[in-house]
Amino acid sequence: MLSNLQQQPADALLALIKLFDADPRADKIDLGVGVYRTGQGDTPVFGAIKAAERKLVAEQDSKAYLGPEGDMGFVTALMPYIFGKASPDMGGRIEGMQTPGGTGSLRLALAMVKRAGYSRVIVGKPSWPNHNQICADLGLAVSEFNHAGADGKPDMDAIRAAVAGAAEGDCILLHGCCHNPTGIDYSNAQWDEIAGLIAEAKLLPIIDLAYQGLGLGMEEDAYGLRRVLVAVPEALIAYSCDKNFGLYRDRVGALYAMVSDPTELGRIMSNGHNLARASWSQPPDHGAAAVRLVLEDETLTAQWLDELDQMRDRMRQVRAILAAAGKVGGVDLAPVGGQNGLFSIIPFTPDQVQEMRSRHGIYFAGSGRINVAGLTTANIQNFIDATAEVTGV
Ligand code: LMR
């Protein structure tokens with residue numbers, strides 16, 4: 001019977017890691033999967049996390065199970081950063097649970113909406129490929145609208161039309177900040193409008209916040225999420241600490257539900273617990289415990305925020321250099337300067353993507369998505385020159 005299973009393609013994004021590793025060229029450049037890199041091309045463990053890990057090893061006296069909700073100290077400590085210090089649980093209307101990374105959180109959110117009777121997810125195109133993949137695996141239909149127009153700005157007409165055409169039983173999946181893969185975020189005024197549109201259409205928002213602090217700042221990057229939450233009665237929030245705490249392989253995330261009636265929270269979250277039990281039972285502890293220790297300690301919190309500021313500043317500098325290069329070959333790099341987070345899409349054709357890999361050893365997604373953090377003072381000119389050569393006529 002197992003022979004009935006068909007060969008599945010490797011995940012195109014994750015396959016890039018192996019392709020890059022197998023390339024023997026010393027000057028190869030990795031602009032593939034979304035990990036932050038320093039100006040030296042490294043992805044170090046945050047200093048604040050290292051300190052918290054030392055403390056954890058010294059002080060943790062048991063590794064006994066915590067339950068499907070994981071480390072609730074971690075879940076609660078994050079809330080003021082996500083939902084605002086003034087009312088982190090919005091008057092008892094928000095509760096969360098720990099998940100294995102942002103993907104675990106999205107998986108639970110989408111499984112919960114499926115169980116609740118939703119049948120279709122409205123999502124901007126392009127999106128992070130795993131969004132569609134999880135929906136497909138759960139049997140949720142996906143309805144796509146253009147995220148951005150040819151002018152490189154969010155396509156507001158497209159989202160207006162998508163929301164206007166929504167039916168009962170639809171939810172909408174939005175990137176809270178640092179849109180993956182385009183880097184094109186909504187302005188505050190656009191979020192204001194979107195919040196109103198969603199509320200009016202009575203759509204359930206699912207907000208994926210995987211890059212808080214890597215766009216404009218921790219508070220700034222939460223604007224859209226908070227704006228939507230004050231407008232609607234219910235929402236699900238999928239949060240990742242993989243990037244903003246640099247904990248990628250430790251898989252640290254959280255799922256939050258906001259409801260209108262606090263007395264319903266326990267029942268609604270029991271579905272998250274039950275789905276988690278049937279999937280991974282309980283989330284891995286180490287990374288989340290380290291985040292909790294950072295957030296419980298003022299000095300470590302300040303150190304973490306400072307490290308995050310440095311990451312954001314470096315990515316801004318890279319973006320400024322690309323933007324200053326302007327038109328190179330057949331593409332314009334200027335829009336990259338105004339985009340946010342790790343990613344931007346350069347309009348390479350599929351052949352040009354292959355040529356960048358084969359001729360220049362520069363690896364990025366087939367969509368033309370580059371991870372700007374992979375560019376350093378040592379390699380950025382090579383990238384610009386290769387882009388000019390490959391896309392030039
Ligand atoms: C990415 O988009 O590169 C990251 O979110 C990593 C991943 O899991 O795809």
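Q: Which residues is Arg 226 in contact with, leaving aside its neighbours within four places in sequence?
A: In this predicted model, Arg 226 is in contact with Phe 83 and Gly 84. To count, the C-beta atoms of a pair must lie within 7 Å. Arg 226 itself belongs to helix α8 (residues 223–231). Its C-alpha atom is separated by 13 Å from that of Ile 198, which is 28 residues away along the chain.

Q: Why does Arg 226 count as partly exposed?
A: Arg 226 has 19 C-beta neighbours inside 10 Å. Buried would need 20 or more, and exposed would need 12 or fewer. The value for Arg 226 falls in between, so the residue is called partly exposed.

Q: How do Met 90 and Ser 281 fare under the rule for buried and exposed residues?
A: Met 90 has 17 other C-beta atoms within 10 Å and is therefore partly exposed. Ser 281 has 10. Since 12 or fewer is the limit for exposed, Ser 281 is exposed.

Q: What is there to note about phi in Met 90 and Ser 281?
A: Phi is positive at Met 90, about 45 degrees, although Met 90 is not a glycine. Ser 281, likewise a residue other than glycine, has a positive phi near 70 degrees. Met 90 lies in the loop between α3 (72–83) and β2, and Ser 281 in the loop between α9 (265–279) and α10.

Q: What makes α10 mostly covered?
A: Nine of the 10 residues in α10 are buried. Each of the nine meets the threshold of 20 or more other C-beta atoms within 10 Å. They are Gly 287, Ala 288, Ala 289, Ala 290, Val 291, Arg 292, Leu 293, Val 294 and Leu 295. The elements they pack against are α2, α3, β2 and α11.

Q: Why are α10 and α11 described by the word they are given for their crossing?
A: The axes of helix α10 (residues 286–295) and helix α11 (residues 298–325) cross at roughly 105 degrees and come within 6 Å. Angles from 65 to 115 degrees count as roughly perpendicular, so α10 and α11 are roughly perpendicular to each other. On the α10 side the contact is made by Leu 293, Val 294 and Leu 295, and on the α11 side by Leu 300, Thr 301 and Trp 304. This contact has five nonpolar residues, one polar residue and no charged ones.

Q: How do you know what to call the arrangement of α2 and α10?
A: The axes of helix α2 (residues 47–59) and α10 cross at roughly 105 degrees and come within 8 Å. That value lies in the range of 65 to 115 degrees, which makes α2 roughly perpendicular to α10. Ala 48, Ile 49, Ala 52, Glu 53, Lys 55 and Leu 56 of α2 meet Ala 289, Ala 290, Leu 293 and Val 294 of α10. By class, eight of the residues in this contact are nonpolar, none polar and two charged.

Q: What angle does helix α6 make with β4, and what is such an angle called?
A: Helix α6 (residues 156–164) lies across β3 (120–125) and β4, and runs at about 150 degrees to β4. Angles over 145 degrees count as roughly antiparallel, so α6 is roughly antiparallel to β4.

Q: What makes β2 and β4 edge strands?
A: The sheet is open, with seven strands in the order β2-β8-β7-β6-β5-β3-β4 and mixed pairing. β2 (94–99) and β4 (141–146) each pair on one side only. Neighbouring strands are turned by 20 degrees against each other on average, direction ignored.

Q: How do you know that β6 and β7 pair?
A: Pairing requires at least two bridges. Strand β6 (residues 204–209) and strand β7 (residues 235–240) have four, in the parallel sense. One bridge joins Leu 209 to Tyr 239 in β7.

Q: What is the class make-up of the shell around the ligand?
A: Leu 13, Val 33, Gly 34, Trp 128 and Asn 180 surround the ligand. Three are nonpolar, two polar and none charged. Gly is classed as polar, so Gly 34 is on the polar side of that count.

Q: Where are the cis peptide bonds at Pro 126 and Pro 181 located?
A: The bond from Lys 125 to Pro 126 has omega near 0 degrees, and Pro 126 is in the loop between β3 and α5 (129–138). For the bond joining Asn 180 and Pro 181, omega is about 25 degrees. Pro 181 is in the loop between β5 (170–175) and α7 (188–201).

Technical notes: Residues numbered from 1 in each chain as written. Predicted model: local features only at pLDDT ≥ 70, side-chain atom pairs only at ≥ 80, totals over all residues. Axes fitted to C-alpha atoms, helices over the stretch in contact; angles between N-to-C directions. Helix = DSSP H or I, 4+ residues; strand = E, 2+ residues; numbered from the N terminus. Parallel < 35°, antiparallel > 145°, perpendicular 65-115°, else oblique. Contact = placed C-beta atoms within 7 Å. Near = placed C-beta within 6 Å.
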